[in-house]
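Hi,

Here is the structure I promised to pass on. Have a look at it first, and then read my notes below.

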Amino acid sequence: MFNFAAKNRVPPDDVKTLESLINDPPHTLKKFFRDDAGLHVARAPGRLDVMGGIADYSGSLVIPMPIAESTIAAVQTDPERMIRILSFEPGSELSFEMPLSDLESNGDPLEYRDFRERFRKSESDGWAAYVVGVLSVLSRDKGIPFESGVRILITSTIPVGKGVSSSAALEVAVMQAVCSAFRVEISPLERALLCQKAENLIVGSPCGVMDQIASTCGEANKLLRLLCQPAEILGSIGIPDSIRFWGIDSGVRHAISGSDYGAVRIGAFMGYRIIAELADLASEPVGEGLVKIKDDQWNGYLCNITVAEYEEQFLPFIPKQMTGYDFIMKYNGTTDPVTNILPDSTYPVKVPTEHAIYENARVNRFSQLIEGPCGERELEELGGLMYQSHEGYAACGLTEERTERLVELGRENRENGIYGARITGGGSGGTVLFLASSESGETVRKIAQGFGEETGSTPYIFEGSSPGCTWSGSWELLPASRGD
């Protein structure tokens with residue numbers, strides 16, 4: 001039996017549910033935790049990408065909102081030098097274990113590429129890469145000597161593959177719980193950046209930084225203003241009482257590691273590299289397919305190029321597409337350390353480049369509008385910006401039939417209080433976001449119901465918000481034998 005330590009703040013319902021699960025466990029859990037040591041618990045929410053999305057890796061302003069659904073991690077230290085992980089949901093469980101010594105090679109932290117290859121070779125263990133990745137970056141980047149083993153229980157209410165950052169929430173919850181268990185002091189922003197590093201270099205997913213920071217630092221019922229250069233939090237925006245954000249799942253599984261997302265990211269970095277060359281910015285190779293650019297004009301970020309600059313100086317010179325071979329031969333590489341350009345592949349360049357530049361302008365305008373009085377005219381413009389953002393995704397090839405249909409249903413329901421709709425996150429399936437009047441919840445549910453009838457599915461609706469893990473803090477569950 002485990003009880004919350006007296007010093008703990010009152011836990012939310014999902015953390016209370018975890019306590020009940022541990023104290024009245026199914027057979028699988030009965031032997032997972034030792035009964036002579038406490039548990040350190042953290043929760044991290046997923047997020048709805050309100051505006052910005054894939055422009056985060058190009059340095060855009062982004063404004064996500066944490067959702068009500070969360071992932072919870074319970075961590076217990078263990079004298080046995082093993083990493084044991086159990087992901088448990090009713091009717092579904094996954095387990096993984098490895099010696100703690102596998103984090104090292106000849107006494108030094110293991111190279112990230114070695115871990116990445118290990119998990120790539122085992123599809124069934126791919127999910128564990130997100131968890132082990134957190135331990136790896138703490139060991140390699142922060143020099144944390146894990147002298148004891150660890151048992152980690154994962155449970156989540158975030159649907160996987162819906163484009164609402166279930167992977168980031170997993171990393172963030174584990175990071176905070178592990179730091180609590182091992183008494184490691186790291187700032188919230190650095191924890192989020194370490195989680196992104198784990199996903200980039202160990203999982204092998206080239207995500208931007210928005211998701212991990214939203215899950216770590218987002219405030220309930222507020223939009224987080226995050227400038228991704230590389231990660232500057234500019235505060236939060238209160239959502240006006242007259243509007244709300246909902247998400248409807250398209251039923252198409254989203255994966256940020258998909259080739260379309262990666263190709264679009266590579267294309268955007270190609271565009272920046274070409275513009276830097278056109279602007280006579282000095283560059284030098286710093287690795288295979290990687291260059292360093294001396295850029296005092298835009299500080300290395302594509303999104304710092306204004307729409308006017310782009311249209312007046314560079315638009316005619318950006319190619320529609322380019323093979324990896326031709327690009328490497330002419331430009332040596334890009335400034336992106338987490339993607340690889342394949343010589344035999346052809347990449348879109350113009351559309352991804354323009355999407356990043358125009359999206360940053362849209363996000364900044366959206367942020368200005370929603371912080372002011374939101375009358376009917378402002379709401380119409382906010383919705384229009386969302387539709388333009390969605391069209392940018394479509395031009396990049398990051399939408400598909402079902403997400404297009406949901407956005408179309410949003411347009412058809414303008415008279416019923418729906419102001420705007422757009423695909424979220426990395427695109428290629430996942431969730432469509434709706435901006436609607438606060439009285440339009442029933443309209444959103446009817447849209448989901450009608451969409452479900454058309455597609456033969458039962459769409460999940462994301463509604464509500466909850467705080468990022470920094471605001472939630474962590475909790476300690478103590479064995480009943482201890483009185484503290």
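I'll start with the cavity: its lining, taken for the largest cavity, has 8 nonpolar residues, 2 polar ones and no charged ones. Before I go further, please keep in mind that this is a predicted model. The structure holds 1 cavity of 30 Å³ or more, and the space in the largest cavity comes to about 40 Å³. Its walls are made by Ile54, Ala55, Tyr57, Ser58, Val264, Ala268, Pro352, His355, Ala356 and Cys396. Helix H8 and helix H11 (350–371) each put at least two residues into that lining, and H11 has the largest share, with 3 residues.

Now the open sites, which I guess you will want for your own work. The largest pocket has a volume of about 1,200 Å³. It is lined by 50 residues, and those closest to its centre are Tyr130, Val160, Ser166, Ser167 and Arg253. By class, the lining of the largest pocket splits into 20 nonpolar, 20 polar and 10 charged residues.

Which elements build that lining? At least two residues each come from these strands and helices:

- strand S4 (82–89), strand S5 (92–99) and strand S8 (149–156)
- helix H3 (112–120), helix H4 (128–142) and helix H5 (166–181)
- helix H6 (188–203) and helix H7 (210–217)

H5 gives the largest share of the lining of the largest pocket, with 4 residues.

The second largest pocket holds about 860 Å³ of space. Of its 31 lining residues, Ile266, Val338, Thr339, Asn340 and Ile341 are the closest to the centre. Two or more residues of this lining come from each of H3, H6, helix H8 (259–278) and strand S15 (346–348). The class count for the second largest pocket is 12 nonpolar, 13 polar and 6 charged. H3 and H6 are worth a click in your viewer, since they turn up in the lining of the largest pocket and also in that of the second largest pocket. H8 is another one to click on, as it contributes to the lining of the second largest pocket and to that of the largest cavity.

Back to the strands of the largest pocket for a moment. S4 is largely enclosed by the rest of the structure, because 7 of its 8 residues are buried. What does S4 pair with, and in which sense? With S5 the pairing is antiparallel, over 8 bridges, while with S8 the pairing is parallel, over 5 bridges. On the S5 side, isoleucine 85 stands opposite phenylalanine 96, and isoleucine 83 has methionine 98 as its bridge partner. On the S8 side, arginine 84 is bridged to arginine 151. The hairpin of S4 and S5 has 2 residues between the strands, and glycine 91 takes a positive phi near 85° there.

One residue in H5 also caught my eye, namely alanine 173. Is alanine 173 buried or exposed? Its relative accessible area is 0%, which is under the 20% cut-off, so alanine 173 counts as buried. Leaving aside neighbours within four places in sequence, alanine 173 is in contact with Ala42, Arg43, Ala44, Thr71 and Ala73. Cysteine 469 lies 296 residues away from alanine 173 in sequence, yet the two C-alpha atoms are 7.1 Å apart in space.

Finally, the overall picture, in case you need it for setting up a box. The protein chain has 15 helices and 19 strands. Its C-alpha atoms fill a box of roughly 70 × 55 × 40 Å along the principal axes. How does the radius of gyration of the chain agree with that of a compact globule? For 484 residues a compact globule would have a value near 23 Å, and the chain has 23 Å, so the two agree. Of the 484 residues, 57% count as buried. As for contacts between residues at least 6 apart in sequence, 75% of them join residues at least 24 apart.

That's what I have for now. Shout if anything is unclear.

Cheers

Methods. Residues are numbered from 1 along each chain as its sequence is written. This is a predicted model: local features need pLDDT of at least 70, side-chain atom pairs count only at pLDDT 80 or more; totals for chains, interfaces and linings use all residues. Side-chain values use heavy atoms; hydrogens and water are left out. On a 1 Å grid over the protein atoms alone, a cavity is a set of points where a 1.4 Å probe fits but cannot get out, and a pocket is an open set with protein on both sides within 12 Å along at least five of seven lines; lining residues have an atom within 4 Å of a point. Grid points are joined across faces, edges and corners, and a volume is the space filled by probe spheres set on the points. Ala, Val, Leu, Ile, Met, Phe, Trp, Tyr, Cys and Pro count as nonpolar, Asp, Glu, Lys and Arg as charged, and the others, Gly among them, as polar. Buried means under 20% relative accessible area, exposed over 50%, partly exposed in between (1.4 Å probe, protein chains only). Contact means heavy atoms within 4.5 Å. Two strands pair if DSSP finds at least two bridges between them. The radius of gyration is taken over C-alpha atoms; the globule rule is 2.2 Å times the number of residues to the power 0.38.
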